[in-house]
Amino acid sequence: MTRRLLVTSALPYANGPIHLGHLVEYIQTDIWARFQRLRGNRCIYICADDTHGTAIMIRARLERTSELDIIAQMAAAHGRDFADFGIAFDHYGSTHSEHNRAVCNEIWAALKAEGAVERRNVEQLYDPQAQTFLADRFVIGECPKCGSPNQYGDSCDKCGATYSPTDLKNPKSTLSGAVPELRSAEHLFINVEKQHDFLDAWTQSGEHLEPSIANYLKGYFLGQPLRDWDISRPAPYFGFEIPDEPGQFFYVWFDAPIGYIGSTREWCQITGEDFDSWWRSSETEVHHFIGKDITYFHTLFWPAMLRAAKFSLPSKVHIHGFLTVEGEKMSKSKGTFVMARTYLDHLDPAYLRYYYASKLGSRPEDLDLNLDEFEKKVNSDLVGKVVNLASRTARFLQGSSLSEVYPNDGGLFAEGANRKDEIGAAYENCDLARAMRLVMALADRANEYVDRLAPWTIKKDPTRASELQDVCSVALNLFRQIVVYLTPVLPRLAKQCEALLSVPICGLNEVDAPLLGVKVGAFEHMLTRVDPKKVVAMIEASREGEGAVTSPEANQDDDSALKAEPIAATCSIDDFTKIDMRVARIVNAEAIPEAKKLLKLTLSLGGESRRTVFAGIKSAYEPAALIGRLVVVVANLAPRQMKFGLSEGMIVCASGGDTDGIFAVAPDTGATPGMRLR
RNA sequence: GCCGAAGUAGCUCAGCUGGUUAGAGCACGCGCUUCAUAAGCGCGGUGUCGACGGUUCAAGUCCGUCCUUCGGCACCA
C-alpha cells in the first residue's frame, strides 16, 4: 500500500545564510523524504523562507533597503545552498506570499469563529519619530530599581531586576534616540487553554511525539493553565495585516508555521494538485521535522491552530538536537561556525550527508561534528568500503557485461535483500545511524567476498574468463545493492552507479534481484577522499577575529553582532560620566555550586577597597584563571541583592550577535586598580 | 534547586519485552594481499556495562538511592 506523505522542515529565517547547523535538519528531512519516494510512497517535501518580523524590518532599515529586497536576496541564497547540498524540495515558497496570507486569514477566521480570539490592551512604548512600537529590546533607559543607565526594556543587566519597558526611567528608542511615548495598543490573543484537553490528548497519545518530548510538555506547559498567546503586533510591522483589524499584523510566529500550508497551496496551484487531499485528508500523513528549540510552537500552538481550522494534524513531529562542532557550540572565533556556502567552497556535500546520516538517531539528541571522525568515517566507509567495491572489480569487466545467470555467491546477495525490511525500518524511524551501520555491514561482507575470490588472480588465467565475469558480476551487484540502500543519502552516487551499469535505480525493490547481462561501462571515480587540508582551509575561512591578520580582507569583520543589537541612542558626555568605571583586580573568584551561570568575584580597587560582585560568566571562565586579572568594573552601580548575596557592581564584558561567548574587558598593560575609565 | 535525557572498550555508539563466555565501527598492534582512490582481508587485547543496595534461579537489561555529564528552567543573560 502506498502512503501519501507531506514532509516539512522548519522554515529558515530570511535574516541570514544557511549554516551547518541548519543542514542537520534539511539533510535529515531530505534523506527521509527520498527514502519514502524510493520505497514507492508518494511523498512531497515542502519548505519556505520565513520572512516576517521585527528583525527583518530593522535590518532593512540598517541597510537602507526594503524588506522585499532582503527576503528576495536571502531566498535566492538559501535556494542555491539547498540545491547544492542536494536538498530536493518539491516546493520552496515564502511566508510572504498571497497563498500564505490566504491560509493565515482562513485559520484566523476559524479561531475567531470558535471564540478563541481575545483582545486586551497592552501598554507599550512607541517611538514617535520612527513611528513604531518598540519591542523590549529596542528601548533603553535607567533601571527602575538601581538606576543603572542604558538598560534594556525587559531587565537590568546590572542589578538583575526584571520589569516592563514602561517602567524604565528616561527611556529612549534605540532606533531613533527619540523619547518614546507610552501608548496603549490593543493586542489580539489566542486562548489556547480552551484546547487544553485536546492538547493533552494529542501530545500524550504516544503516536506523534517522542516520550521525552511528551513528558517535557506535560511537566512544563500542560501541568498548568496555558497562557494566552499574543499573536498580533501593531503597525508598522513587516507581515500580514489582520483582516478587519486595521493596523494590526500577525506576529511572525503565527504566520511562519502556516507557511507549510501556504507553500503547499502554492505548489498545488503550480502542479494542479488537489489541496484538500494534502492538508485535509486522513489519507495523507503530515510529518514535521524541527529542532528542539521550537518544540512548543509545533506541539502546542500549531496543533491548536490546525484543529481549529480543520486541517490535518501532524502524524508525527520529528525533533532533532543541535549541532556541535568539536564538542562545542559553533563558534565564529574558532572557525566552527561554518556557512553552507563555505563548506561547499571546500568540500563535497556527499561527505556531510553521509556523516550526518551516520550520526543521526531517532532521539532528539545533540549531534557532534568531529572533524577527525568526519574524515575517517567518510574515507573508510564510503571510499574504502563502498566505492572501492566497484573500483576494484569494474575494470575487469569494462566493455564486457555482467553474467547472464547470477552466479552462486554463497547467499550474499539474498542476504543483502533480506535486510530490506530492517534497513527500511531504520530509515522509517529516522534511525539513520542504524541504517548506515547495517549497510556498511553489507559492504564489509562484499569486500571479504572479493578478497576471497581474488579476481585479479583469476584474470591471469585466460581459460577462467567466465569465472572472472562471475566474480565481478557478484561484486558489482553487491555494490549496486548497497548503493540502492544508500540512494536517499547519496543521490549522486546512485546516478554514478546507474551510469556504470546503465540501468536506473527506480526503487528500493531493486535490492531484490541482481542485474544480469548488462553492459559494464568505464569506471570513473565516484568520490574523492576527504582531504584534511581542505577541512582545515574551511575552518580557517570560517574563522573570525583573533586569527593572524594577513590581508586587508582579514580586517573585514562580520557585522552580525552589530545587526543583532543596533547601536544605542546618542547620549551626552554627562550621561557617560554618570557611569563610573574603574580598573579592578580580581583577588578572588569562586564558582557558586548551586548557580549555573554565576561566579562570585572579589575585586580590589586598590588599597583596602574590596567589592563582591556576582558575574554571569561561569560558562566562559574558570575561577582560578581569573584570579589576579585586571578587569573593568562599573563601580557606582547600585548594589543588588541577588539570590546568592549582595552584588556591588558589575564586570564589563563583551558579548553579542549569534557568536557565543562572553569576554571580559581588560585594560592594557600598565593600568592599575582604581584608575577610572574615561 | 526543579524538569528531562544520558552514563557500556582510547573515541562514536549498538545491545528489543531480563537468560549461554557483553558487541560494531574507528583508532591501535601483528600478519597477509597488491585488483582498487596508500584501498582490502585475517588475527588480537583491554571493558568491576557510573556507584551502592534490592527483586530474581538469572540483570547493562527491572526497582530504589546516590554520583557525574548534557540540555531546558530558575538565580541570569
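Let's start in the sheet of this predicted model: strand 2 (residues 42-49) and strand 3 run parallel and are joined by 4 bridges. One of the residue pairs to look for is D49 with its bridge partner S94, which sits in strand 3. From there, the briefing follows the rest of the sheet and then turns to the nonpolar cores.

**The sheet**
- Five strands are at work here: the 5 strands make an open sheet with parallel pairing, and their order is 3-2-1-13-14.
- The edges belong to strand 3 (91-94) and strand 14 (316-320); each has a single partner strand, so one side of each is left without a neighbour in the sheet.
- From one strand to the next, the twist averages 25°.
- As a general reminder, strands of a sheet pair through backbone hydrogen bonds, either parallel or antiparallel.

**The largest nonpolar core**
- A total of 147 residues make up the largest nonpolar core, and A475 and I482 have the most contacts inside it.
- Helix 18 (residues 465-486) supplies the largest share of this core, with 13 residues.
- Domain 1 (4-114 + 192-325) and domain 3 (371-511) each contribute at least three residues to this core.
- If you would like to trace the contacts of I482, look for V386, V439, L442 and A443, which it touches when residues up to four places away in sequence are not counted.

**Another core**
- Apart from the largest core lies another one, of 22 residues.
- Its members include A584, V632, V633 and L637.

How values were computed. Residues numbered from 1 in each chain as written. Chains lettered and ligands numbered in written order. Predicted model: local features only at pLDDT ≥ 70, side-chain atom pairs only at ≥ 80, totals over all residues. Core = buried A, V, L, I, M, F, W, Y, C linked by C-beta atoms within 7 Å. Buried ≥ 20, exposed ≤ 12 C-beta atoms within 10 Å, placed from the backbone. Helix = DSSP H or I, 4+ residues; strand = E, 2+ residues; numbered from the N terminus. Domains from an automatic or database assignment. Contact = placed C-beta atoms within 7 Å. Pairing = 2+ DSSP bridges. Axes fitted to C-alpha atoms, helices over the stretch in contact; angles between N-to-C directions.
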